[in-house]
Structures are given as C-alpha cells and as structure tokens.
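Got the viewer open and a selection box ready? Let's walk through this one stop at a time, starting with the whole chain and then zooming in.

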Amino acid sequence: MKKVLSGNEAIARGAYEAGVKFASAYPGTPSTEILETLAKEYKSILSEWAPNEKVALEAATGASYAGARTMAVMKHVGVNVAADPLMTLPYTLVRGGLVLVSADDPELFSSQNEQDNRQYARFAKIPMLEPSSSQEAKDFMIEAMRISEEFETPVMLRTTTRISHSMGVVETGDPVKVKAPTLERHPREWVMLPANARVRHPVIEERIIRLREFSNKSPLNFEEKGDRSIGIIASGIAYQYAKEAMPEASFLKLGMSYPLPDKKIKKFAAKVDELWVIEELDPFFEEQIKAMGITCRGKDKIPMCGELSPDIIRQAITGKKKKCPAPASLPGRPPSMCPGCPHRGMLWAIRRNKAFIAGDIGCYTLGFLPPLDAIDTCQCMGAGISHAHGMSKVFGAKNEKITAVIGDSTFYHSGLTGLLNLAYNNGTALIVILDNSTTAMTGAQNHPGTGMTLGMEKTIDVNLEQVVKALGIKWVETINPYDIKNARKKVKEALDYDGPSVIISKAPCVLLKSKAVPGKALSVDAEKCTNCKVCISLGCPAIEAKEDSVKINSLCVGCGICADVCAAGAIGGAR
C-alpha cells in the first residue's frame, strides 16, 4: 500500500514495521511528530514522553537490554543532553536493536544553534544513516534496527527539518516478527567499571572496521552514472538539492554517513574529472575525503551556515546564477507571544521591578523582543536558573535584582538541579516558574506536571509548589499572572527577601481550554486614553498604536492585562 507521509510520519511507520516495542522522547522541533504519530497510529509500541533526552535514551537502553527493539527521539540539541549515556552506550552490549533519531535544524527555524550531529556519530563511534526522502526515512529505520542487532551497537538516524516535515509517497509493508523480551544478565558487557570498559573499548574499534567494510558493500551507498566531468558526493536533503541543481552530473549518494565507504569513494573519485562534496553545515565528508588523499571541492564555495538550495549549489559549481523573478514584497512578521498569553503579564511585572531576567527555552523567550524587552539571557534548557545563581553570588551584598524565568516543562527537563544548586549554595535570586500546564512551544505536549501521559492515560500530577519546597526553597508563592497588581507586589516581596525565592506563575496556556481566557474582547475609550503607551509596552499583538490613542483589534481574547495596567481607566468593556 502507498501512503503520503511526512519524514517524521515515515520514521514512525518504519519503527512499526521494524517491530519496535518501546519508544521514548522529549518533544522538540523538528522531531516532535514522530512520537505523536506512534501514540496515535501504532499503539502496539509503548511510547512515552520523558522529562528530558538523557532519560529518554537511558529508558530506551533498558528496554534494549531486555531484548526489545527500541528507539529514542530528540532534536539536535537534545543529543547534547543525552551525550553522557550516549558516549558509554556503544561500550555496552545492545540486545534489541536501538536507534537514536536526531532531528537537526539547519537555518535555526526553532533552535538556539545549528550544530551538525553527524559529528556525534563519529565522536561516539556508532554508525549513522541519513535518509533523503520519506520513503528512505521509513526504509532506513528498518535497516538501522537490523544493523544495530547485527553489530550489537546503537545506530543514529539523522534527519533535518526539510526531511522531517516534507511529504512524500511511501510504500508501506507489514511488521516483521521479533523475539519477545527476556531477562538476561551480561554484567561484563553492561557494568562499565574501568576493568570492564577497558576490555570493551577495543571491541568498538574492531566494530568500526567491520562497519566500514559493511558501508563499502551496502546498497545504502550507491553510484548514479552521469556526465563524468562533474562528480558529486552528497547525502540527505543536500543530495536532493544537488540532483535538482546538477541533474546531468554523476553522483555517489551516501545513505550511510558514518563510517564512510572509503573504497567506494576512491573508486568514484577516480572516474570523474572534478569531485564536489555537497553538504549542509560542517565539512564532515569533505575533511574525511581529503584525509584519504583525494582532491575535492566543497566548502571553499558552499556556505558553512544555514540551509542549502539548488540555486546555491548551481552557482557554486557553475558560477552561473539562475534568473528568478524578484520575490514579492511582504510586510515583516516578527514572532510574538499569543494574545492573552499568561507569560506576558508576569514578564511585565518583573521588568517593572527593574530586575535582570535570565531567560530559558520556551514561548517566553519571545519576551526578548521589543517592546516587552524582558529577557536578558537565553542559552539552553535549564541554564537560566544557574545564570541567575552565578550572578547573585558574585554580586553578594550589593544585592542586585536578579531573576530567572523558566517554563514548567523545562523545569522538569533540567531546571530541578539548577534550583537545588541555588538553594544548596545559598543563592539569593528570584526564580519564576511560568506554569502553563503544557509544553506549549512544541505544540502542547504533556509532561509530569499535567496529570496525563502521551497516550492520554491519567497519571501523577506533580505538585510543583511541594517539589520546590522539597528542594529547600522556603519563600514560595503561587500566583495568578493575570492579576498584575498582585504580581508586581509579589515580585517586589521576593526580590526583597534575603534568600532564594520562587514564584509559580500558574495559568493555562491560552491555546488550551480555560475558564478564564478567552473572555470578552476589550476596547479603548478614546476620550479617556492619554496615549501614555504603557499598554503598548506589553507587546500584545491585539493592541495597535495610533497617533493620539491606541486601538484594540480583533485578536483580543479579553485576558484583561492591558486594562489592569491602564492608569487612565481607558480600557475595558465589551466591543
């Protein structure tokens, strides 16, 4: 049967056909739909959201040790979180096939960096497969499971945003039959004490040699004969771009990105007059191919940053730029927090107290933009709390107003340890946990604080205030962020407190069903409006600046925050 599937849906289908029994992930664009598809369409697979990517990989490892085929899924920066178990995992014996899906994000559509995770495969010394279409995304998942079990190693399957979200026709098949899980003991292969790890390291090195031979023989890496004046080596979406730009050229298409098929590459290079290596981001292939003593072109003409396109590749190789009509002129549309977002009022209240705000990854990061201007740092998930702690320590008695904001899902991901550190080391910063009862930025996924699992089963509903107190924080208040006056008052109290403090700003995401929002849309009484622009400073897209007053447009959901900050009492009432 043929179906039209996105790359993410195809990976989920491949997991089903490969007999995967267990899957764990933390949501992150562009990987999120893989687990959501499993939970919705392939219920024979035990699929879970984990608090973070490290836990997801560790849980998948446990299931693999039991002999089940398993997968862990994450976006590229999530692999950084999982790097600790990942570096030791190849030392251990993989029983059931184990595939780590890494969804990279060239061009940074929704990420804080655009790292190239092919480097992780080489770093961890594990094989990597890289599909270039939805069909390959499904097929490669099945092949990755087979390779994992044959070589007793984890396998990384790397996609990029364009592969994850593009649609394509996929020929589907039936699930393979796999063995039932069994409990076995392999302490010398699973307990990585130094004495055991030393024995296992040579196993990895010998395995890489065997994998390279496999790569040389594998149909995953194949030639496409064409004009021999130009030969191109490419993989993934870069292969698709290069085929469109240079359809007449000869190609060596790599489906197995690591280890490279050195014999195939040398054979191909000898056949063509000029060899080009086309790849997004790092010169991962190029450096290895040059180390083989092969002359090739690549990053001297191909950009190191951002996504490629057929035009970029064509111009780099031929020097000719394709004549295209000028793109239509469209007004700029900067991202913004939603009208009625509960984070907006809380960020405004903190800023009105003239506090420094260490930020984190989530919707509230958009508070960085003017006119709210309410985020001063943002590095990675969980870092904001530690940033605030470090700053509070060095300022000491100078008592600068230092705060950090973090979402509820992000707090469970990696904020817990930062808050424990703040309490343990006598920091004095204010931490504001923006609890909107979901993982909003990736599309409203559940987490340990929502009371529901990925499969919508009822589960524990963590009491956030009790957790914070258990970590040693004595000043803790849970407030309604729509009550702006109280929010400003509580922020001031917390900043004046001599010790670490936490405010839990609790209100559901405006995109979830809520009894409070949406309410009745508001309007401005032009005769009362003094045009002070305080309401504009909220950065709400429902409020428009006029020459002598402001106007509330149809985006208003009636949250009432602007009415509370209007000293003239000009905002209120229904339209």
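**The whole chain**

Before selecting anything, take in the overall surface: the accessible area of the protein chain is about 25600 Å², and carbon and sulfur atoms own 55% of that. Keep in mind throughout that this is a predicted model.

Now switch to cartoon. You'll be looking at 20 helices and 22 strands. The C-alpha atoms fit in a box of roughly 80 × 65 × 50 Å along the principal axes. The radius of gyration is 27 Å, which agrees with the value near 25 Å that a compact globule of 575 residues would have. Colour by burial and 54% of the 575 residues come up as buried. Among contacts with a separation of 6 or more, 74% join residues 24 or more positions apart.

One more global view: colour by charge. There are 70 positive and 64 negative charges, and their mean positions sit 1 Å apart.

**Stop 1: helix α2 and its cover**

Select residues 33–41, which is helix α2. Which of its residues are buried? Show Ile 34, Leu 35, Thr 37, Leu 38 and Ala 39 as sticks, and you have them. Then bring up what lies over them: the cover includes helix α1 (7–17) along with strands β2 (22–25), β3 (46–49), β4 (70–75) and β5 (98–104).

**Stop 2: a strand residue far from α2**

Keep Ile 34 on screen and add Ser 505. The two are 471 residues apart in sequence, and their C-alpha atoms are 31 Å apart in space. Ser 505 is in strand β18 (501–506). Ser 505 has a relative accessible area of 4%, so it counts as buried. To see its surroundings, select Met 346, Val 432, Ile 433, Leu 434, Asp 435, Ile 479 and Pro 481, which Ser 505 touches beyond its sequence neighbours up to four places away.

**Stop 3: the end of β7**

Jump to Thr 160 in strand β7 (155–160). Buried or exposed? Thr 160 counts as buried, at 5% relative accessibility. Outside the four places on either side in sequence, Thr 160 is in contact with Asp 104, Pro 106, Ile 237 and Glu 280. For a sense of scale, draw a distance from Thr 160 to Pro 327: these two are 167 residues apart along the chain, with 25 Å between their C-alpha atoms.

**Stop 4: salt bridges**

Side chains of opposite charge can pair when their charged atoms come close. The chain has 30 salt bridges, and a few deserve a zoom.

- Select Glu 307 and Arg 162: their closest N and O atoms are 2.7 Å apart. This pair links distant parts of the chain, with Glu 307 in the loop between α13 (284–291) and α14 (310–318) and Arg 162 in helix α8 (161–165), 145 residues apart. Glu 307 is buried at 13% relative accessible area, whereas Arg 162 is partly exposed at 36%.
- Move to Glu 223 and Lys 271, a salt bridge with its closest N and O atoms 3.0 Å apart. Glu 223 is in strand β9 (221–224) and Lys 271 in helix α12 (262–271), so the pair ties together parts 48 residues apart in sequence. Glu 223 is partly exposed, at 30% relative accessibility, and Lys 271 is partly exposed too, at 29%.
- Step along to Glu 224, which forms a salt bridge with Lys 243 at 3.1 Å between the closest N and O atoms. Here strand β9 is linked to helix α11 (236–245), the two residues being 19 apart. Lys 243 is partly exposed, with 26% relative accessibility.

Next, select Asp 104, Asp 116, Arg 118, Glu 130, Arg 158 and Glu 279 together: salt bridges link them in a network. You've already met Asp 104, as one of the contacts of Thr 160.

**Last stop: an arginine without a partner**

Finish on Arg 207, in helix α10 (194–217). Which side chain of opposite charge is nearest to Arg 207? That would be Glu 152, at 5.9 Å. A salt bridge needs the nitrogen within 4 Å of a carboxyl oxygen. Arg 207 has no salt bridge, although it is buried. Show its contacts to round off the view: beyond residues up to four places away, Arg 207 touches Pro 90, Phe 151, Glu 152 and Thr 153.

Definitions and conventions:
Residues numbered from 1 in each chain as written. Heavy atoms only, no water. Helix = DSSP H or I, 4+ residues; strand = E, 2+ residues; numbered from the N terminus. Rg over C-alpha atoms; globule rule 2.2 N^0.38 Å. Buried < 20%, exposed > 50% of the residue type's maximum accessible area, 1.4 Å probe, protein only. Contact = heavy atoms within 4.5 Å. Areas by Shrake-Rupley, 256 points an atom, 1.4 Å probe, with all protein chains shown as cover. Lys, Arg positive; Asp, Glu negative; His and termini not counted. Charge placed at Lys NZ, Arg CZ, Asp CG, Glu CD.
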